[in-house]
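Biologist: Could you take me through this chain, beginning with how far the coordinates can be trusted and then moving on to the way its elements are arranged?

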Amino acid sequence: MKKQPYFLIVLAIFAVILILSGSSMFLTLQPGERGVIFRKFSGGLDKENVFLPGFHIIAPWNDMHVYDVREQKSEETMDVLDKNGLSVNIDVSVRFNPVYNKIGFLHEIFGKDYISQLVIPEVRSSVRQVAGRYTAEEIYSTKRKEVEEAIITETSEILKNNNIQMRALLIRSINLPEKIKVAIESKLQQEQEALAYQFKLEKEKSEAERKRIAAEGEARANKIINSSLTPALLKMRGIEATIKLSESPNSKVIVIGSGKDGMPLILGNN
């Protein structure tokens with residue numbers, strides 16, 4: 001019975017702690033959230049252990065930092081310089097999310113404001129660096145896909161090294177000064193017309209070559225045939241034709257040896 005006052009004192013102290021801490025001891029992480037704890041009196045930031053969605057109880061003197069790890073999107077419009085110093089306006093869109101089990105390391109370096117401290121600066125830096133290796137014409141038309149792939153590769157790598165997973169990066173638009181744009185489009189049109197004309201010439205050249213080869217082949221064939229048609233062969237073919245004709249049921253008069261070169265002469269038939 002004498003121990004009861006001590007129990008009541010402990011219970012009262014615990015109640016006071018609960019009242020002072022409010023609801024900070026009880027925390028529920030929602031789907032798409034992760035938590036990392038900072039222990040003020042025992043080790044500081046616990047980077048290795050990440051709290052998953054669900055109900056958690058923490059000591060009131062510790063802090064839980066909650067991160068939204070769902071995919072997020074940022075859209076950036078920037079003016080960059082090409083390799084010749086010409087200004088190019090590029091509009092990009094990037095989708096990303098923190099690496100789930102690395103938010104402790106992300107929090108230690110950049111904190112919860114990592115989008116403005118890390119993602120946006122690195123995207124802008126990659127776009128500028130890549131654009132600086134190409135001309136405005138290449139960025140705008142001839143090597144646009146190559147430029148986009150280079151930006152994606154370099155941005156993804158730097159973000160990955162800082163515990164951010166880049167899901168996608170798209171170049172939504174590329175804008176040039178109007179005079180430059182018109183000049184590039186005119187040049188591209190002329191190049192396309194030149195290629196079309198060259199294709200037409202090549203096609204006509206190929207057709208002429210085909211006809212020449214066909215004519216030469218036909219000439220050689222006629223020469224071979226003519227050289228093989230000797231008088232004896234012609235006479236033999238004529239005799240064979242006469243024999244077949246004589247076997248026909250139609251009536252006719254055939255004079256043997258009366259035709260040119262002794263060939264049979266057909267006088268008439270019914």
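The questions and answers below concern a predicted model.

Biologist: Which element of the chain has the highest mean pLDDT, and which the lowest?

Modeller: Over the whole chain the pLDDT averages 79, and 67% of the residues score at least 70. Where pLDDT is low, the predicted coordinates should not be read in detail. Among the elements, the highest mean, 94, belongs to helix H3 (residues 114–131), and the lowest, 53, to strand S10 (residues 265–269).

Biologist: How many helices and strands are there in the chain, and what percentage of its residues is buried?

Modeller: The chain holds seven helices and 10 strands. When contacts between residues at least 6 apart in sequence are considered, 63% of them join residues at least 24 apart. Of the 270 residues in the chain, the buried share is 26%.

Biologist: At what angle do the axes of H3 and H5 cross?

Modeller: Two packed helices are described by the angle between their axes and the distance between the axes. For H3 and helix H5 (residues 144–160), the axes come within 9 Å, and the crossing is right-handed. The angle at which these two axes cross is roughly 145°.

Biologist: How many nonpolar residues does the contact of H3 with H5 have?

Modeller: On the side of H3, the residues that meet H5 include Leu118, Val119, Val123 and Val127, together with Glu122, while H5 contributes, among them, Val147, Ala150, Ile151 and Glu154. By class, this contact of H3 with H5 has two charged residues, three polar residues and, as for the nonpolar ones, 10.

Biologist: Which strands stand at the edges of the sheet S6-S7-S8?

Modeller: Three strands in the order S6-S7-S8 form this open sheet, with antiparallel pairing. Its neighbouring strands are turned by 25° against each other on average, direction ignored. Strand S7 (residues 87–98) pairs with S8 over 10 bridges, and Asn89 has Asn175 in S8 as its bridge partner. Because each edge strand has a single partner strand and one side left without a neighbour in the sheet, the edges are S6 (72–81) and S8.

Biologist: At about what angle to S6 does H3 run?

Modeller: H3 lies across S6, S7 and S8, which are the three strands of the antiparallel open sheet just described. Relative to S6, the helix H3 runs at about 40°.

Biologist: In the sheet S3-S2-S5, which residue in S3 stands opposite Arg39?

Modeller: This open sheet consists of three strands with antiparallel pairing, and S3 (44–45) and S5 (63–68) stand at its edges. Strand S2 (residues 33–39) is joined to S3 by two bridges. Opposite Arg39, in S3, stands Gly44.

Biologist: Is His107 buried or exposed?

Modeller: His107 lies in helix H2 (residues 103–109), and, leaving aside its neighbours within four places in sequence, it is in contact with Val36, Leu45, His65, Tyr67 and Lys112. Its relative accessibility is 18%, and the cut-off lies under 20%. His107 therefore counts as buried.

Biologist: Where is Asn163 found, and what is its relative accessibility?

Modeller: Asn163 is found in the loop between H5 and strand S8 (164–175). Leaving aside its neighbours within four places in sequence, Asn163 is in contact with Pro98, Val99, Lys102, Phe105 and Leu106. Asn163 counts as buried because its relative accessibility is 17%.

Note on methods: Residues are numbered from 1 along each chain as its sequence is written. This is a predicted model: local features need pLDDT of at least 70, side-chain atom pairs count only at pLDDT 80 or more; totals for chains, interfaces and linings use all residues. Side-chain values use heavy atoms; hydrogens and water are left out. pLDDT is the predictor's confidence in each residue, from 0 to 100. Helices (H or I, at least four residues) and strands (E, at least two) are DSSP runs, numbered from the N terminus. Axes are lines fitted to C-alpha atoms, for helices over the stretch in contact, and angles run from 0 to 180 degrees between N-to-C directions. A crossing is left-handed if the near helix is turned anticlockwise from the far one by less than a right angle, and right-handed if clockwise. Contact means heavy atoms within 4.5 Å. Ala, Val, Leu, Ile, Met, Phe, Trp, Tyr, Cys and Pro count as nonpolar, Asp, Glu, Lys and Arg as charged, and the others, Gly among them, as polar. Buried means under 20% relative accessible area, exposed over 50%, partly exposed in between (1.4 Å probe, protein chains only). Two strands pair if DSSP finds at least two bridges between them.
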